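I have a new structure open and want to get my bearings. These are my notes, in the order I looked things up.

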Amino acid sequence: MTELTLARLSLKDGFYEATVAHMTEDALRFEAVVNGQVIATGTATRGTGRACVLRLELPARLIGAQVQIVDIRHETGAVLDQFSVVCDPQIAGDLRAELDILRSKFDLLKSAFRRHCSETGAD
């Protein structure tokens with residue numbers, strides 16, 4: 001049996017939408033979970049052309065001065081998608097700074113690797 005997968009279509013206006021691939025049933029239940037608590041539930045149903053679409057309405061309480069990690073999981077508990085909601089400008093700035101640091105470290109590693117390859121004659 002092929003594994004069930006989600007392909008996110010959009011996340012806007014308080015709705016999460018995704019297509020469900022390899023769905024064998026006519027309807028499957030999914031839930032959005034934050035910190036172990038279910039915040040939304042929904043059902044993916046077959047649409048026209050056998051495309052399966054999942055639409056979850058996310059609650060307004062998800063938006064706050066914090067970072068929220070949202071897991072989209074199947075009724076069996078398997079996490080099929082995940083996204084973050086960052087609403088605190090100070091946290092967002094910290095995340096950008098961390099990302100800049102990681103990028104600079106990656107650039108150092110790339111140049112060291114290139115130098116190693118040129119010195120050893122490896123391609």
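I started with the order of elements: reading along the sequence, I get β-β-β-β-β-β-β-α. That makes seven strands and one helix. A reminder to myself that this is a predicted model.

**Overall shape**

Next I checked how the chain fills space. The radius of gyration comes out at 20 Å, whereas a compact globule of 123 residues would be near 14 Å. The C-alpha trace spans about 60 × 40 × 25 Å along its principal axes. Of the 123 residues, 27% are buried. I also looked at contacts between residues at least 6 apart in sequence, and 39% of those join residues at least 24 apart.

**Surface and charge**

The protein exposes about 8500 Å², and carbon and sulfur atoms supply 52% of that area. I then counted charges and found 14 positive and 17 negative, with mean positions 3 Å apart.

**The core**

Which residues have the most contacts inside the largest nonpolar core? I got Tyr-16, Val-20, Leu-54 and Ile-72, in a core of 22 residues. The elements that give two or more residues to this core are β2 (15-21), β3 (27-34), β4 (37-46), β5 (52-57), β6 (67-74) and β7 (79-86). β3 gives the most, with four residues.

I picked Tyr-16 for a closer look. Leaving out residues up to four places away in sequence, Tyr-16 touches a long list, including Leu-6, Arg-8, Leu-11, Leu-54, Leu-56, Ile-72 and Phe-83. Ser-10 and Asp-81 are on that list too.

**Strand β1**

Ser-10 made me turn to β1, which covers residues 5-12 and holds this serine. Is Ser-10 buried or exposed? Its relative accessible area is 17%, so I put Ser-10 down as buried, the cut-off being under 20%. Beyond its sequence neighbours up to four places away, Ser-10 touches Phe-15, Tyr-16 and Glu-17.

Thr-5 is also found in strand β1. I noted Thr-5 as partly exposed because its relative accessible area is 34%, and that category runs between 20% and 50%. With residues up to four places away left out, Thr-5 touches Thr-19, Val-20, Ala-21 and His-22. For the last of these I looked up a distance: the C-alpha atoms of Thr-5 and His-22 are separated by 6.9 Å, with their positions 17 residues apart along the chain.

**Loops**

Where does Gln-66 lie? I found Gln-66 in the loop between β5 and β6. Gln-66 is partly exposed, at 35% relative accessibility. Again skipping residues up to four places away, Gln-66 touches Val-85, Val-86, Cys-87, Asp-88 and Ile-91. Then I tried Thr-76, ten residues from Gln-66 in sequence, and the C-alpha to C-alpha distance is 29 Å.

Last, I looked up backbone angles. Asp-13 has a positive phi of about 55° although it is not a glycine. Asp-13 has its place in the loop between β1 and β2, and at 72% relative accessibility I count Asp-13 as exposed. Asn-35 is not a glycine either, yet has a positive phi of about 50°. I found Asn-35 in the loop between β3 and β4. Asn-35 is exposed, with a relative accessible area of 72%.

Conventions. Residues are numbered from 1 along each chain as its sequence is written. This is a predicted model: local features need pLDDT of at least 70, side-chain atom pairs count only at pLDDT 80 or more; totals for chains, interfaces and linings use all residues. Side-chain values use heavy atoms; hydrogens and water are left out. A nonpolar core is a set of buried Ala, Val, Leu, Ile, Met, Phe, Trp, Tyr and Cys residues joined through side-chain atoms within 4.5 Å. Buried means under 20% relative accessible area, exposed over 50%, partly exposed in between (1.4 Å probe, protein chains only). Contact means heavy atoms within 4.5 Å. The radius of gyration is taken over C-alpha atoms; the globule rule is 2.2 Å times the number of residues to the power 0.38. Accessible areas come from the Shrake-Rupley method with a 1.4 Å probe; for residues, only the protein chains shown count as cover. Lys and Arg count as positive and Asp and Glu as negative; His and the chain ends are not counted. The place of a charge is taken as NZ of Lys, CZ of Arg, CG of Asp or CD of Glu.
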